[in-house]
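Q: I'd like a close look at one single part of this structure. Please start with that part, and then follow the threads that lead away from it.

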Amino acid sequence: MSLHGVVRRAMGSLVHRLWAAARTAGAVTPVSPAGYRFRRLGEGACLSFPLGAVFGEAWIEIGDHTLIGERVSISAGMGPGVDLGPDSVVRIGGSCSIGRGSHIVGHQSIDIGDNVFTGPYVYITDQNHVYDDPEAPIGRQWPRNNPVSIGSGSWLGTGAIILPGTRIGRQCVVAGGAVVRGEFPDHSVIAGIPAKVVRHYVPGQGWLPPHLEVVETMGTVNAVDAAEVMDTETGVIPR
C-alpha cells in the first residue's frame, strides 16, 4: 500500500473514532448538564447527538428509557426565553423511540403515550397558521392552537404529518406519508391524504376494512348482500 493510502486509512480511522466520541459526549441524558434544563428527563432517556433545534426544555417532559434520534427537533413555544406558564407543553411517555430528523413542535399541548415508535422525519404540531383574512399574508396572521394526543403503543410511519387537533387512540398504525387530522379510535390503521381509517381491529375477526366491520355488526350476510347494504347506506361498494 502506498504512503498516501496508509495516511488516508489512518486519518479515516481517526475521524470515525473522534465522531463516535463526539456522539457519546454530545448525547443529552438525565446526568448531563443539558438534561437538567428539561422539566423531566426520565431515567435511561437519551437525546442523540447531533441534536436538532431543542428549546423550551422547562416545558418538555420525556419519560424513562425513551430514545430521541439524531437531529430531532423538540420545541415548546415560539422561541427560547418565553414564559409558557405553569404546565408542561410537550409530554413524551416512557420507552418511546422518535426517529431521526423528526419535529415535535408544541405551543399548547402535545401528549405522546408510552411505547410510541416513529419512523424518521415525522412532523407533529399543535399549531398552524390561519388564513381568515384573504388580504393579509398568511405567515403574518396569528396562528391557532389545538391540542394533539397520540395513544400508547402506536406506530407512526416515515414522513407522517400529525396536524393540530388530532387525537389518535391506543395501538394505532399511521402509514408513512399520511397527513392526519381528526379523531381516530383505538386499534386503527390510518393512511392517506387526508388520512382516514383503512383497517380497524374487531375482536374475533381481526383487522378489517371499515365496510366489512359495518357488515359484521349487521349480522351474517353473503357477499352480494354486503355490497347492496354498503351501496345503499354509504354509496360505496366493497371491492
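A: Let's start with S23 and S24, which form a hairpin with three residues between them. In the turn sits Gly204, whose phi is positive, about 85°. A strand here is a DSSP run of type E with at least two residues, a helix is a run of type H or I with at least four, and both are numbered from the N terminus.

Before going on, a quick word on what you're looking at. This is a predicted model, with local features needing pLDDT of at least 70 and side-chain atom pairs counting only at pLDDT 80 or more, while totals for chains, interfaces and linings use all residues. Residues are numbered from 1 along each chain as its sequence is written, and side-chain values use heavy atoms, leaving out hydrogens and water.

Back to our hairpin. S23 covers residues 196-202, and S24 covers residues 206-208. They pair in the antiparallel sense over three bridges; strands count as paired when DSSP finds at least two bridges between them. If you want one bridge to look for, try Val202, whose partner in S24 is Gly206.

Now go to the other partner of S23. S22 (188-191) also pairs with S23 in the antiparallel sense, this time over four bridges. Here, Ala191 stands opposite Lys196. S22 and S23 make a hairpin too, with four residues between them. Gly192 in that turn has a positive phi of about 105°.

The loop between S22 and S23 holds something else: Pro194. What kind of peptide bond joins Ile193 and Pro194? That bond is cis, with omega about -10°. It's worth a second look because most peptide bonds are trans. There's another cis bond from Phe49 to Pro50, with omega near 5°. Pro50 lies in the loop between strand S2 (46-47) and strand S3 (54-55). Remember Phe49, as we'll meet that residue again in a moment.

Next, the rings. How many aromatic pairs does a search of the whole structure find? Two. To count as a pair, rings of Phe, Tyr and Trp (its six-membered ring) need centres within 6.5 Å; planes under 30 degrees apart are stacked, over 60 edge-to-face, and the rest tilted. The rings of Trp19 and Phe49 have centres 5.9 Å apart and planes at 50°, so that pair is tilted. Trp19 belongs to helix H1 (residues 3-26) and Phe49 to the loop between S2 and S3, so the pair ties together parts that are 30 residues apart in sequence. Both rings' residues are partly exposed: Trp19 has a relative accessible area of 41%, and Phe49 has 26%. (Buried means under 20% relative accessible area, exposed over 50%, and partly exposed in between, using a 1.4 Å probe and protein chains only.)

The other pair brings us right back to our hairpin. Tyr201 and Trp207 form a tilted pair, 5.4 Å centre to centre with 55° between the planes. Tyr201 falls within the 196-202 run of S23, and Trp207 within the 206-208 run of S24. Tyr201 is partly exposed at 34% relative accessibility, and so is Trp207 at 40%.

Let's finish with some surroundings. The chain has three helices and 24 strands, and buried residues make up 39% of its 239 residues. Six strands form an open sheet with parallel pairing, in the order S3-S6-S9-S12-S17-S20. S3 and strand S20 (179-180) stand at the edges with a single partner strand each, so one side of each is left without a neighbour in the sheet. Inside that order, S6 (residues 73-76) and S9 (residues 103-106) run parallel and are joined by four bridges. Ser73 stands opposite His103 there.

Glycines aren't alone in having a positive phi, either. Tyr121 has a phi near 60°, in the loop between strand S11 (117-118) and strand S12 (123-125). His65 also has a phi near 60°, in the loop between strand S4 (60-62) and strand S5 (67-68). Most residues other than glycine have a negative phi. Leaving aside residues up to four places away in sequence, Tyr121 touches Arg100, Gly101, Ser102, Gly159 and Ala160, where contact means heavy atoms within 4.5 Å.
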